[in-house]
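Work through the exercises below with the structure open beside you. Try each task before reading its solution.

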Amino acid sequence: MNHLRSSELFTAAKEIIPGGVNSPVRAFRSVGADPVFISKASGSHIFDADGNDYIDFVGSWGPMILGHCHPDVVAAVKRTAESGCSFGAPTELEITLAQLVIDAVPSIEMVRMVSSGTEATMSAIRLARGYTGRDKIMKFSGCYHGHSDALLVKAGSGAATFGVPDSPGVPQDFAKHTLTANYNSIESVKTLVAENSGQIACIIVEPIAGNMGTVPPQPGFLEGLRKLCSDEGIVLIFDEVMSGFRVALGGAQEVYGVVPDMTTLGKIIGGGLPVGAFGGKKEIMSLLSPSGGVYQAGTLSGNPLAMAAGIATLNLLKQPGFYQKLEEKSAYVANGIAKAAKDAGYPLFSTRVGSMFCAFFTGNQVTDWDSAAGCDTKAFATYFRSMLDEGIYLAPSQFETAFVSIAHTEAELDRTIAAAAKSFRKL
Ligand SMILES: *Cc1c(COP(=O)(O)O)cnc(C)c1O
């Protein structure tokens with residue numbers, strides 16, 4: 001497989017775009033390779049600038065649950081564009097998508113559209129602070145909630161009373177209100193809540209962690225958060241930017257039966273166009289400007305093209321049997337890869353919730369960031385490069401989730417499993 005054109009493009013891009021990419025993980029740095037530049041995609045296939053054809057398990061990092069270029073979505077975007085790309089004024093499309101979201105997601109009574117997941121979480125946190133009149137927030141080590149200042153924080157050592165920024169450019173002062181607990185450890189949450197009694201506005205959590213690989217919540221974890229937040233007057237925010245519409249129409253909150261106070265959405269809700277959303281109880285959402293005093297705005301928020309793509313997508317997801325079919329495809333490929341590793345004598349810890357799955361390169365259980373961080377990332381990098389060579393496009397990092405779409409056929413999943421078997425035998 002040659003990547004000559006991609007190499008040329010990458011060289012040109014690096015001159016004028018930092019690192020050659022508009023989002024860091026696209027640069028393939030952690031797998032010791034150069035990125036392939038994409039020219040087009042269709043269904044479960046993605047094609048690079050050299051004409052190589054891959055089976056895609058990235059799906060634009062989550063949105064493409066229908067596969068690429070679903071005819072209904074393409075038609076909706078084209079039709080809408082003919083009437084104007086943006087007005088900066090309300091449209092009926094926004095009501096239609098808001099109603100679809102409210103009908104689907106248990107916790108959402110009112111919703112506001114934004115243009116990215118980052119905007120959704122940042123705005124949800126501002127609202128939670130406005131609602132409670134408290135400054136501190138809590139997140140979990142290894143959970144990603146976009147790149148806003150207060151959320152670019154993981155655990156410092158020990159009890160992590162004060163947040164430590166992950167990135168230069170984030171003032172210590174902006175990060176100091178962010179507390180960090182351990183995923184799947186309700187004890188670590190209880191300790192921080194006790195130490196900061198009456199000061200915590202919200203706890204934000206990925207109800208299925210998908211940004212440290214795929215780490216499902218252990219039984220009792222989400223229920224424990226729900227109870228603690230109710231007892232302490234803390235706003236519980238499920239960041240379902242990834243899991244929303246992915247694991248079920250109602251997201252992880254439907255799967256686990258735990259209803260947060262607020263929910264953030266992104267990725268699938270835009271059908272591949274830039275959309276995010278945050279919603280929740282009316283009592284909280286009504287405090288948002290202009291009905292309330294908590295300010296939030298956006299020139300392109302509720303953009304007609306994005307609304308049209310989202311509506312077309314959600315209408316297809318609502319069709320009976322959609323998630324069952326996706327579950328069967330996902331179980332087939334994830335189990336197939338796990339078995340291929342076992343047959344090759346390679347230790348692997350496999351996780352999956354619906355069409356989100358991950359192969360952790362470790363013989364140990366992974367339940368939080370510390371256990372995920374123990375993976376053999378070098379072996380993963382070798383596996384990644386081998387899979388790419390076999391025409392399988394995976395996320396270029398051990399700490400990402402693989403996504404199955406409804407467009408993946410059994411023959412393509414069999415090809416994927418065979419490629420994995422070959423790749424494990426090389427390790
Ligand atoms: C992708 C993601 C975000 C950020 O969304 P962007 O659209 O990239 O800003 C936030 N939270 C979670 C859980 C995500 O997976």
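The model shown here is predicted.

**Exercise 1. Locate Phe28 and state what sets its backbone apart.**

Solution. Begin with the position: Phe28 sits in the loop that runs between helix H1 (4-16) and S1. Next, look at its phi angle, which is near 65°. This is a positive value in a residue other than glycine.

**Exercise 2. Find the strand order of the sheet of four strands, and say why S1 and S15 each have a side without a neighbour.**

Solution. Reading across this open sheet gives the order S1-S2-S3-S15, and the pairing is mixed. Strand S1 (38-42) and strand S15 (392-393) are at the edges; each has a single partner strand, so one side of each has no neighbour in the sheet.

Now take one pair from this sheet. S1 and strand S2 (residues 45-48) run antiparallel and are joined by four bridges. Within this pair, Lys40 is opposite Phe47 in S2.

**Exercise 3. Describe the sheet of seven strands and the helix H6 that packs on it.**

Solution. First write down the order, S4-S12-S11-S10-S9-S5-S8; the sheet is open and its pairing is mixed. The edges are strand S4 (110-114) and strand S8 (178-181), and since each has a single partner strand, one side of each is left without a neighbour in the sheet. From one strand to the next, the twist averages 20°.

Second, examine one pair. S8 and strand S5 (residues 136-140) pair in the parallel sense, over four bridges. Phe140 has Ala181 in S8 as its bridge partner.

Third, add the helix. H6 (residues 186-195) packs on the sheet and touches S5, S8 and strand S9 (200-205). The direction of H6 makes about 150° with that of S8.

**Exercise 4. List the residues around the ligand, sort them by class, and find polar side-chain atoms that lie at short range from its oxygen atoms, using a cut-off of 3.5 Å.**

Solution. Start with the list: Ser116, Gly117, Thr118, Tyr144, His145, Gly146, Glu206, Asn211, Asp239, Val241, Met242 and Lys267 surround the ligand. By class, this shell holds three nonpolar, six polar and three charged residues.

Then check distances to oxygen atoms of the ligand:

- Thr118 has a polar side-chain atom 2.6 Å from a ligand oxygen atom.
- For Asn211, the distance from a polar side-chain atom to a ligand oxygen atom is 3.1 Å.
- An N or O atom in the side chain of Lys267 is 2.6 Å from an oxygen atom of the ligand.

Finally, consider the cover. The ligand taken alone exposes 380 Å², and the protein buries 83% of that.

**Exercise 5. Which two residues are joined by a cis peptide bond, and where does Pro290 lie?**

Solution. The cis peptide bond joins Ser289 and Pro290, with omega about 10°. Pro290 is in the loop between helix H9 (282-285) and helix H10 (304-317).

Definitions and conventions:
Residues numbered from 1 in each chain as written. Predicted model: local features only at pLDDT ≥ 70, side-chain atom pairs only at ≥ 80, totals over all residues. Heavy atoms only, no water. Near = heavy atom within 4 Å. Polar contact = N/O pair within 3.5 Å; in protein donor to acceptor, adjacent residues only side chain to side chain. Areas by Shrake-Rupley, 256 points an atom, 1.4 Å probe, with all protein chains shown as cover. Nonpolar A, V, L, I, M, F, W, Y, C, P; charged D, E, K, R; others polar. Pairing = 2+ DSSP bridges. Axes fitted to C-alpha atoms, helices over the stretch in contact; angles between N-to-C directions. Contact = heavy atoms within 4.5 Å.
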